[in-house]
Amino acid sequence: MENSIYLDEARDPLIIAEGWMKDGKDVAIATVVETWGSAPRPVGSHLVIDADGNFHGSVSGGCVEGAVVTEAIDVIDSGKARMLEFGVADETAWQVGLSCGGRIKVYVERLG
Amino acid sequence: MDPYALKTLNAERRARRAAILVTDLGDGRDRIVREGDPVAGDLGAAIAKAFRTGNSGSVEAEGRTFFLNAHLPQPRLVVIGAVHISQALAPMARIAGYPVEIIDPRTAFATPDRFPDVALHAEWPEDVLKRQPLDSYTALVAVTHDPKVDDFALKAALDANCFYVGALGSRKTHAKRVERLLALGATADQIARIHAPIGLDIGAASPAEIAVAVLAQAILAFRSRGLDAKGAAA
């Protein structure tokens with residue numbers, strides 16, 4: 001049934017991030033903080049990334065996760081949070097667009 | 001993100017308690033706010049709104065930009081009574097985003113045949129609620145009309161501070177119920193939280209219409225948490 005009342009721990013990005021942290025991994029957390037138009041994932045959605053580029057969750061329908069993972073590895077190295085912006089036919093900043101036509105802002109920060 | 005904040009947030013989420021992660025997008029500092037924690041000013045007002053709606057978003061306050069990520073437990077309905085009203089209520093509530101569980105020890109009522117695709121317990125509420133306790137993100141709807149089945153669950157719902165407690169029955173039936181709940185140790189303030197007669201006053205006549213009235217009243221209770229109840233009938 002949809003809408004389980006309990007956390008789906010095996011797929012919950014924040015639970016997975018906590019597990020990675022306990023295993024001693026370096027982790028970055030990406031969060032959708034703003035959307036315009038028909039964005040695929042709502043504000044508050046998470047993608048979590050470890051230093052090896054493993055990831056769980058999503059911030060889009062799969063369109064920009066690759067770019068977010070790349071940025072996240074830099075954020076893990078530097079410790080400095082970044083605000084990323086993706087949009088349709090966005091040729092200026094990241095050369096990755098949302099095919100759905102929306103725009104999203106993603107905050108990427110290191111855990112700890 | 002602060003590792004301690006993440007641990008605290010996950011602990012709250014596992015316990016089905018609401019929490020908001022507040023991140024200062026300027027310097028990256030964050031903290032967890034639980035429901036009822038006092039936060040002053042514009043930020044406090046935005047946090048209160050986020051708890052009520054469950055919507056996350058950015059807010060400008062104190063010359064800074066904060067991101068509020070609201071983590072609310074999935075609200076749900078527990079229905080005592082596998083009756084005709086419940087047959088209509090279960091699919092409606094699920095569509096509205098409130099998963100339903102139905103409890104009724106009367107095995108003639110609680111059959112999968114009558115309730116396809118619903119979590120159904122042909123057991124006493126005492127036994128089910130021991131395993132799966134009620135909480136403040138659960139609505140309790142008691143519709144068996146039978147004190148032996150309804151009363152324990154109603155008392156448990158008041159003690160667990162369920163966001164909505166409704167009980168089927170006329171004013172006369174409810175007056176007798178109040179006596180029994182007082183005898184069980186419920187306070188007058190607690191009992192005043194019970195919606196009885198149940199449902200918004202929309203003139204509902206059929207079981208399905210009563211289900212609409214109950215669902216609407218439960219949604220109103222959920223979305224006005226922490227506010228004075230507005231427009232609640234019964």
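## Two chains, two sheets and a helix pair

The contact between the chains draws on 20 residues from chain B and 21 residues from chain A. Everything described here comes from a predicted model, so please read the values below as computed ones.

Let us begin with the side of chain B that touches chain A. Helix H1 (3-14), strand S3 (57-61) and strand S4 (64-71) of chain B are the elements that give two or more residues to this side. Which of them gives the most? That is H1(B), with seven residues. By character, the residues on this side of chain B divide into eight nonpolar, eight polar and four charged.

These elements of chain B also meet in a sheet. It is an open sheet of four strands in the order S2-S1-S4-S3 (chain B), and its pairing is antiparallel. At the edges are strand S2 (30-34) and S3 of chain B, each of which pairs on one side only. Neighbouring strands of this sheet are turned by 30° against each other on average, with direction ignored. S3(B) and S4(B) are joined in the antiparallel sense over five bridges, and Ala61(B) has Arg64(B) in S4(B) as its bridge partner. H1(B) lies across strand S1 (19-24), S2 and S4 of chain B, and runs at about 25° to S2(B).

Chain B has another open sheet, this one of six strands with parallel pairing, in the order S7-S6-S5-S8-S9-S10 (chain B). Strand S7 (119-121) and strand S10 (194-195) of chain B each have a single partner strand, so one side of each is left without a neighbour in the sheet. Within this sheet, strand S8 (residues 138-142) and strand S9 (residues 164-167) of chain B run parallel and are joined by four bridges. Val141(B) has Gly166(B) in S9(B) as its bridge partner. Helix H5 (residues 147-159) of chain B packs on the sheet, where it touches strand S5 (76-80), S8, S9 and S10 of chain B. The direction of H5(B) makes about 155° with that of S8(B).

Next comes a pair of helices. Two packed helices are described by the angle between their axes and the distance between the axes. For helix H3 (residues 84-96) and helix H8 (residues 207-223) of chain B, the axes come within 8 Å and cross at roughly 45°. That angle is why H3(B) counts as oblique to H8(B). The crossing of H3(B) and H8(B) is right-handed. On the H3(B) side, the residues that meet H8(B) include His84(B), Ile85(B), Leu89(B) and Met92(B); among their counterparts in H8(B) are Pro207(B), Ile210(B), Val214(B) and Leu215(B). What is the character of this contact? The residues of the contact of H3(B) with H8(B) divide into 14 nonpolar, one polar and no charged.

Finally, UniProt records (unreviewed entries) place a domain feature on each chain: "domain: XdhC- CoxI" at residues 20-87 of chain A, and "domain: XdhC Rossmann" at residues 77-217 of chain B. The table sets out how these two spans look in the model.

| Span | Helix | Strand | Distance between end C-alpha atoms |
|---|---|---|---|
| Residues 20-87 of chain A | 25% helix | 35% strand | 31 Å |
| Residues 77-217 of chain B | 43% helix | 16% strand | 12 Å |

Notes
Residues are numbered from 1 along each chain as its sequence is written. Chains are lettered from A and ligands numbered from 1 in the order in which they are written. This is a predicted model: local features need pLDDT of at least 70, side-chain atom pairs count only at pLDDT 80 or more; totals for chains, interfaces and linings use all residues. Two residues are in contact if their C-beta atoms, placed from the backbone, lie within 7 Å. Ala, Val, Leu, Ile, Met, Phe, Trp, Tyr, Cys and Pro count as nonpolar, Asp, Glu, Lys and Arg as charged, and the others, Gly among them, as polar. UniProt positions are given in the numbering used here, feature names are shortened, and annotations may be inferred rather than shown by experiment. Axes are lines fitted to C-alpha atoms, for helices over the stretch in contact, and angles run from 0 to 180 degrees between N-to-C directions. Angles under 35 degrees count as roughly parallel, over 145 as roughly antiparallel, 65 to 115 as roughly perpendicular and the rest as oblique. A crossing is left-handed if the near helix is turned anticlockwise from the far one by less than a right angle, and right-handed if clockwise. Two strands pair if DSSP finds at least two bridges between them.
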